[in-house]
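This report walks through one protein chain, beginning with the chain as a whole and then turning to a few chosen residues. Please keep the sequence and the structure in view while reading.

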Amino acid sequence: QVQLVESGGGLVQAGRSLSLSCAASGSIFSLNVMGWYRQAPGKQRELVATMTNGGTTNYADSVKGRFTISRDNAKNTVYLQMNSLKPEDTGVYYCNVRALVGGTGYWGQGTQVTVSS
């Protein structure tokens, strides 16, 4: 099994930056996708950004140009640098890892990000 532990998050003012990290332990898939999803109050969980261990990234249109996802494959850690934060970025951010081809993914416990206007 895999464990994912997020760190970071907190309360920030609009326009400021925040960084999240997620460290994975256990049997990580050799070909995998790690990424971030978020869930705002009263809304469905949505993709924020993902990155394969090969370096391919995918961003939600709402965060492209503001957020940057990165990975340290040797440390099994994924990061999310969030700049120019907006109130609509508020939500619980969850780390995820899944196999690139099929397989069941794993979720972190989530970390709260609150952006005040």
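## Contacts and the overall fold

Two residues are said to be in contact when they have heavy atoms within 4.5 Å of each other. With that meaning in mind, and remembering that this is a predicted model, one can look at how the contacts of the protein chain are spread along the sequence: among contacts with a separation of 6 or more, 54% are accounted for by residues 24 or more positions apart.

The secondary structure of the protein chain consists of eleven strands and zero helices, and reading along the sequence therefore gives the pattern β-β-β-β-β-β-β-β-β-β-β, in which a strand is a DSSP run of at least two residues. Along its principal axes, the C-alpha trace of the protein chain spans about 40 × 25 × 25 Å. The radius of gyration of the protein chain is 13 Å, which agrees with the value near 13 Å that a compact globule of 117 residues would have.

## Surface and charge

Of the 117 residues in the protein chain, 41% are buried. The protein chain exposes about 6,100 Å², and carbon and sulfur atoms supply 48% of this area. As for charge, the protein chain carries 10 positive and 6 negative charges, and the mean positions of these two groups are 2 Å apart.

## Strand β3: Leu20 and Ser21

Strand β3 covers residues 18-26 and includes Leu20. Is Leu20 buried or exposed? Leu20 has a relative accessible area of 2%, and it counts as buried because this value is under 20%. Leaving aside neighbours within four places in sequence, Leu20 is in contact with a long list of residues, including Ser7, Trp36, Val78, Tyr79, Leu80, Tyr93 and Val113. One of these partners, Tyr79, is 59 residues away from Leu20 in sequence, although the two are 5.6 Å apart in space from C-alpha to C-alpha.

Ser21 is also found in strand β3. Not counting residues up to four places away in sequence, Ser21 touches Val5, Glu6, Ser7, Trp36, Val78 and Tyr79. With Ser7 there is also a polar contact, made between the two side chains at 2.5 Å. Asn73, by comparison, is 52 residues from Ser21 along the chain, and the C-alpha atoms of Ser21 and Asn73 are separated by 13 Å.

## Asn76 and the start of strand β8

Asn76 is placed in the loop between β7, which covers residues 67-72, and β8. Asn76 is partly exposed, because its relative accessible area of 27% falls between the limits of 20% and 50%. What is the sign of the phi angle of Asn76? The phi of Asn76 is positive, at about 50°, although Asn76 is not a glycine. This deserves a second look, because most residues other than glycine have a negative phi.

Thr77 belongs to strand β8, which covers residues 77-82. Thr77 is buried, with a relative accessible area of 9%. A polar atom of the side chain of Thr77 lies 3.0 Å from the backbone oxygen of Lys75. When residues up to four places away in sequence are not counted, Thr77 touches Cys22, Ala23, Ser70, Arg71 and Asp72.

## Two loops: Ser84 and Ala14

Ser84 lies in the loop between β8 and β9, the latter covering residues 91-99. Like Asn76, which has a positive phi without being a glycine, Ser84 has a positive phi of about 50° although it is not a glycine. Ser84 is partly exposed, with a relative accessible area of 40%.

How many residues apart in sequence are Ala14 and Ser84? They are 70 residues apart in sequence, while their C-alpha atoms are 6.9 Å apart in space. Ala14 itself lies in the loop between β2, which covers residues 10-13, and β3. With a relative accessible area of 39%, Ala14 is partly exposed. Not counting residues up to four places away in sequence, Ala14 touches Leu85, Pro87, Val115, Ser116 and Ser117.

Conventions. Residues numbered from 1 in each chain as written. Predicted model: local features only at pLDDT ≥ 70, side-chain atom pairs only at ≥ 80, totals over all residues. Heavy atoms only, no water. Helix = DSSP H or I, 4+ residues; strand = E, 2+ residues; numbered from the N terminus. Buried < 20%, exposed > 50% of the residue type's maximum accessible area, 1.4 Å probe, protein only. Polar contact = N/O pair within 3.5 Å; in protein donor to acceptor, adjacent residues only side chain to side chain. Rg over C-alpha atoms; globule rule 2.2 N^0.38 Å. Areas by Shrake-Rupley, 256 points an atom, 1.4 Å probe, with all protein chains shown as cover. Lys, Arg positive; Asp, Glu negative; His and termini not counted. Charge placed at Lys NZ, Arg CZ, Asp CG, Glu CD.
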